[in-house]
Amino acid sequence: MDNAGDTPGPATDDEGQKVREYAETKAEFDKDVAETAELTKRHYEAPILLSKEQQSILETKKINLRMANERYFRQHAEIKSMIKMFIETCLKEKPQDTVGFAANFFCDHLLAKKVEDYNTRANF
């Protein structure tokens, strides 16, 4: 009785390569997950306590930074327009690669003109 058709033959070199690549990719992924879990664990297990004076200094710096950011945004209203335009365009076009889409959007050499036109249409 010939059982040659009953058992699978040895894997081809191509199949073996795919299995090895999968194993390597899975091992890299598992390593990344373990490292991320360890970093997260360390971050949450070892809080740094600040003195009252340090907390006060930190709060003052946060407030000053927020105020400086607010002043900057008020001086550069085009930032708000660019962000609005980007979000509107994303929602309209629904790109699969949003990071690439953002890179193209914000690196467009005509962006300044488009923002100006947008502001004119929106009466900013």
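**Close-up 1. Helices α3 and α5 lie roughly perpendicular to each other in this predicted model.** The axes of α3 (residues 78-93) and α5 (residues 111-122) come within 10 Å and cross at roughly 90°. On the α3 side, look for E78, S81, M82, K84, M85 and E88, which meet L111, K114, V115, Y118 and N119 of α5. Sorted by character, the residues of this contact comprise five nonpolar, two polar and four charged.

**Close-up 2. D108 and K114 are joined by a salt bridge.** K114 will be familiar from the α3 contact, as one of the α5 residues there. Its side chain meets that of D108 at 2.4 Å, N to O. D108 is partly exposed, at 21% relative accessibility, and K114 is partly exposed as well, at 38%.

**Close-up 3. Helix α2 (residues 52-75) carries the pair K62 and E59.** The closest N and O atoms of this salt bridge are 3.5 Å apart. The two residues sit three positions apart, so about one helical turn separates them. Both K62, at 34%, and E59, at 39% relative accessibility, count as partly exposed.

**Close-up 4. E70 and R74 form another of the four salt bridges in the structure.** Here the closest N and O atoms are 2.9 Å apart. The partners are four residues apart in α2, again about one helical turn. E70 is partly exposed at 39% relative accessibility, whereas R74 is exposed at 66%.

**Close-up 5. K94 has a positive phi, near 45°, although it is not a glycine.** Most residues other than glycine have a negative phi. You will find K94 in the loop between α3 and α4 (98-106), where K94 is exposed at 59% relative accessibility.

Definitions and conventions: Residues are numbered from 1 along each chain as its sequence is written. This is a predicted model: local features need pLDDT of at least 70, side-chain atom pairs count only at pLDDT 80 or more; totals for chains, interfaces and linings use all residues. Side-chain values use heavy atoms; hydrogens and water are left out. Axes are lines fitted to C-alpha atoms, for helices over the stretch in contact, and angles run from 0 to 180 degrees between N-to-C directions. Angles under 35 degrees count as roughly parallel, over 145 as roughly antiparallel, 65 to 115 as roughly perpendicular and the rest as oblique. Contact means heavy atoms within 4.5 Å. Ala, Val, Leu, Ile, Met, Phe, Trp, Tyr, Cys and Pro count as nonpolar, Asp, Glu, Lys and Arg as charged, and the others, Gly among them, as polar. Buried means under 20% relative accessible area, exposed over 50%, partly exposed in between (1.4 Å probe, protein chains only).
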